[in-house]
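The following exercises invite the reader to examine a protein model step by step. Each task is followed by a worked solution.

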Amino acid sequence: MQIITEKVGKKPSLFAYPYGEANTEIIKKIKELGFEAGFSQHSGVFNDTSNPFYAPRFSINERYATEKRLKLILNATALPIKSISPSNPEVTADANPPIITVKLDDTDTHTHPISCFYNGDGKMTVTQEKSTITMSFNQPFAVGRTRINCTTPNGKGGYKWFGAQYVRY
């Protein structure tokens with residue numbers, strides 16, 4: 001931190017996790033170092049229910065820089081989340097595959113079913129009961145990053161969007 005502060009001329013307040021990878025231990029350390037927020041690499045819209053130390057960001061690069069994608073991002077709104085379990089983005093061997101439970105903020109109304117997707121191999125089963133979404137997987141997450149996205153139409157020509165990234169070392 002001292003080297004960055006000396007080179008830049010001021011202490012940075014934002015942190016981008018390399019490859020978006022973090023766990024509760026790393027997030028705690030980033031807070032202790034005085035950062036105000038940390039960004040991962042999962043897609044989603046930041047809002048007042050988002051974790052500022054594991055904030056989503058949409059990729060806009062040579063692979064994801066089409067006009068259609070930009071319109072999708074600009075029309076997206078947050079799918080407000082009350083909680084997610086497990087809260088640690090690191091998947092450990094004893095809890096793989098994980099069962100992921102997302103509790104939606106009760107103040108948000110959902111008139112359409114929510115669709116969830118992931119970039120892993122195998123199948124994901126999604127169940128939704130009122131404001132709770134449960135995702136289970138038929139095989140363990142591979143070593144590396146796994147991203148999950150849940151969306152539902154927002155009634156404004158876009159999607160309410162929630163994303164999460166998990167890492168297995």
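## Exercises on pockets, rings and backbone

**Exercise 1. Describe the lining of the largest pocket by residue class, then locate the pocket in the fold.**

Solution. The model is a predicted one. Step one concerns class: 15 nonpolar, 13 polar and two charged residues make up the lining of the largest pocket. Step two concerns size, and the volume of this pocket is about 510 Å³. Step three turns to its centre: of the 30 lining residues, S50, N51, Y54, I84 and F162 are the closest to it. Step four names the contributing elements. At least two lining residues come from each of α2 (24-32), β4 (81-85) and β10 (159-168). The most is given by β10, which supplies six residues.

**Exercise 2. State which residues line the second largest pocket, and give their classes.**

Solution. The second largest pocket holds about 340 Å³ of space. Its lining consists of Q41, S43, R57, S59, N61, R63, Y64, R69, N119, R147, N149 and W161. Sorted by class, this lining has two nonpolar, six polar and four charged residues.

**Exercise 3. Determine the geometry of the aromatic pair F15 and F35, and explain what the pair joins.**

Solution. The whole structure contains eight aromatic pairs. For F15 and F35, the centres are 5.3 Å apart and the planes stand at 65°. An angle over 60 degrees counts as edge-to-face, and the pair is assigned to that type. F15 belongs to strand β1 (residues 14-16), while F35 sits in the loop between α2 and β2 (37-39), so the pair ties together parts that are 20 residues apart in sequence. The accessibility of each partner can then be read: F15 is partly exposed at 24%, whereas F35 is buried at 7%. Ring pairs also link F15, Y17, F35 and Y54 into a cluster.

**Exercise 4. Carry out the analysis for Y118 and F141.**

Solution. The centres of these two rings lie 6.0 Å apart, with 25° between the planes. Planes under 30 degrees apart count as stacked, and the pair is stacked. Y118 is in strand β6 (residues 115-118) and F141 is in the loop between β8 (132-137) and β9 (144-153); the pair therefore ties together parts that are 23 residues apart in sequence. Both Y118 and F141 are buried.

**Exercise 5. Identify the cis peptide bonds at P86 and P97, and the positive phi values of Y19 and K130.**

Solution. Most peptide bonds are trans, and most residues other than glycine have a negative phi. The bond from S85 to P86 is cis, with omega near 0°. N96 and P97 are likewise joined by a cis bond, with omega about 5°. P86 lies in the loop between β4 and β5 (100-104), and P97 is placed in the loop between β4 and β5 as well. Turning to phi, Y19 has a value near 60° and is found in the loop between β1 and α2. Y19 is exposed, at 58% relative accessibility. K130 has a phi of about 55° and occupies the loop between β7 (124-129) and β8. With a relative accessible area of 77%, K130 is exposed.

**Exercise 6. Decide whether the radius of gyration agrees or disagrees with that of a compact globule.**

Solution. For 169 residues, a compact globule would have a radius near 15 Å; the protein has 17 Å, which agrees. The C-alpha atoms fill a box of roughly 50 × 40 × 35 Å along the principal axes. Of the 169 residues, 36% count as buried.

Technical notes
Residues are numbered from 1 along each chain as its sequence is written. This is a predicted model: local features need pLDDT of at least 70, side-chain atom pairs count only at pLDDT 80 or more; totals for chains, interfaces and linings use all residues. Side-chain values use heavy atoms; hydrogens and water are left out. On a 1 Å grid over the protein atoms alone, a cavity is a set of points where a 1.4 Å probe fits but cannot get out, and a pocket is an open set with protein on both sides within 12 Å along at least five of seven lines; lining residues have an atom within 4 Å of a point. Grid points are joined across faces, edges and corners, and a volume is the space filled by probe spheres set on the points. Helices (H or I, at least four residues) and strands (E, at least two) are DSSP runs, numbered from the N terminus. Ala, Val, Leu, Ile, Met, Phe, Trp, Tyr, Cys and Pro count as nonpolar, Asp, Glu, Lys and Arg as charged, and the others, Gly among them, as polar. Rings of Phe, Tyr and Trp (its six-membered ring) pair if their centres lie within 6.5 Å; planes under 30 degrees apart count as stacked, over 60 as edge-to-face and the rest as tilted. Buried means under 20% relative accessible area, exposed over 50%, partly exposed in between (1.4 Å probe, protein chains only). The radius of gyration is taken over C-alpha atoms; the globule rule is 2.2 Å times the number of residues to the power 0.38.
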